Amino acid sequence: PLYAVVGGRPFFVWPTSERPRRVALDDDGAAGTSCTLRTLSERPRVLMAEGLLASAELSAIQRAGASRLQRSSTDWSLVAALGRLFGPRQPAHRTSRSAWLHVSDEASSSSSAASASSSDAALVQAAARRVASLARLSVAHSEPMQVVHYNTSEYYYYHLDNPDVGGGGGGGG
């Protein structure tokens, strides 16, 4: 595995394994919080975290993002520069709608997730803490959650983009 230190906390890439393995998660000291990591592919490295999020948390994430969904965009520097010259354009290959949920470490924050109902905000924050724990990061050092929606006639087209995650713009599914 690769080891590094980010913000005083160890950060690393989970190694692949032939057998699924249980991983303990630091979820605000909740005892017994864990998930099972299963290797789907070594190259590219793809791991599935089974049991990481509860269905109630997934539903809360969907509800928190539903009212913020906007057509997904591409935020490349060149595209942005051309957009300033010729007016913004939506790339044809981006058919989804997406929303970024900014979640902070504090339950009382004014994050975008906290503007949902208080019970949904608590579920979104718990999910964000657990995902950050799996990555061995704090929520503050994690990307915002992204909710992506496709209608039945829409599709995912492989692309590379560089979302302005800190500003909440760009990017998408």
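## The chain at a glance

Of the 173 residues in the protein chain, 34% are buried. Keep in mind as you look around that this is a predicted model. The secondary structure comes to three helices and eight strands. If you walk along the chain from the N terminus, you meet the elements in the order β-β-β-β-β-α-β-α-β-α-β.

How much of the contact is between residues that sit well apart in sequence? Take the contacts between residues at least 6 apart in sequence: 60% of them join residues at least 24 apart.

## The S3-S4-S5 sheet

Let's start with a sheet from the first part of the tour. Three strands, in the order S3-S4-S5, make an open sheet with antiparallel pairing. Which strands are at its edges? Those are S3 (21-24) and S5 (46-50), and each of them pairs on one side only. Ignoring direction, neighbouring strands in this sheet are turned by 40° against each other on average.

Now zoom in on one pair. S3 and S4 (residues 34-41) run antiparallel to each other and are joined over four bridges. To find your place there, look for Val23, which stands opposite Cys35 in S4.

## The loop between S4 and S5

Next, follow the chain out of S4 into the loop that leads to S5, where you'll find Glu42. Is Glu42 buried or exposed? Its relative accessible area is 53%, and the cut-off for exposed is over 50%, so Glu42 counts as exposed. In sequence, Glu42 and Glu18 are 24 residues apart, yet in space their C-alpha atoms are 9.8 Å apart.

The loop between S4 and S5 also holds Pro44. Have a look at the peptide bond that joins Arg43 and Pro44: it is cis, with omega at about 0°.

## The S6-S7-S8 sheet

There is another open sheet to explore, made of three strands in the order S6-S7-S8, again with antiparallel pairing. S6 and S8 stand at the edges with a single partner strand each, so each has one side without a neighbour in the sheet. A helix joins the picture here: H1 packs on this sheet, where it touches S7 and S8, and its direction makes about 105° with that of S7.

What about the strand in the middle of that order? Four of the five residues of S7 (residues 97-101) are buried, so S7 is largely enclosed by the rest of the structure. On one side, S7 pairs with S6 (residues 70-71) in the antiparallel sense over two bridges, and Arg71 has Arg97 in S7 as its bridge partner. S7 also pairs with S8 (residues 145-149), antiparallel once more and over five bridges. In that pair, Trp100 has Gln146 in S8 as its bridge partner.

## How H1 meets H3

H1 doesn't just pack on a sheet. H1 (residues 55-66) also packs against H3 (residues 118-134), with an angle of about 115° between them and their axes 8 Å apart. Angles from 65 to 115 degrees count as roughly perpendicular, and H1 and H3 are therefore roughly perpendicular to each other. The crossing in which H1 passes H3 is left-handed.

Which residues make the contact? From H1 they are Ala56, Glu57, Ala60, Ile61, Arg63 and Ala64, and from H3 they are Asp120, Leu123, Val124, Ala126, Ala127 and Arg130. Sorted by class, that gives eight nonpolar and four charged residues, with no polar ones.

## Ser133 and Arg136

Stay with H3 a little longer and find Ser133, which is part of this helix. Its relative accessibility is 5%, and buried means under 20%, so Ser133 counts as buried. What does Ser133 touch? Leaving out residues up to four places away in sequence, Ser133 is in contact with Leu25 and Asp26.

Our last stop is Arg136, in the loop between H3 and S8. Arg136 is not a glycine, but it has a positive phi of about 60°. With a relative accessible area of 21%, Arg136 is partly exposed.

Conventions:
Residues are numbered from 1 along each chain as its sequence is written. This is a predicted model: local features need pLDDT of at least 70, side-chain atom pairs count only at pLDDT 80 or more; totals for chains, interfaces and linings use all residues. Side-chain values use heavy atoms; hydrogens and water are left out. Axes are lines fitted to C-alpha atoms, for helices over the stretch in contact, and angles run from 0 to 180 degrees between N-to-C directions. Angles under 35 degrees count as roughly parallel, over 145 as roughly antiparallel, 65 to 115 as roughly perpendicular and the rest as oblique. A crossing is left-handed if the near helix is turned anticlockwise from the far one by less than a right angle, and right-handed if clockwise. Contact means heavy atoms within 4.5 Å. Ala, Val, Leu, Ile, Met, Phe, Trp, Tyr, Cys and Pro count as nonpolar, Asp, Glu, Lys and Arg as charged, and the others, Gly among them, as polar. Two strands pair if DSSP finds at least two bridges between them. Buried means under 20% relative accessible area, exposed over 50%, partly exposed in between (1.4 Å probe, protein chains only).
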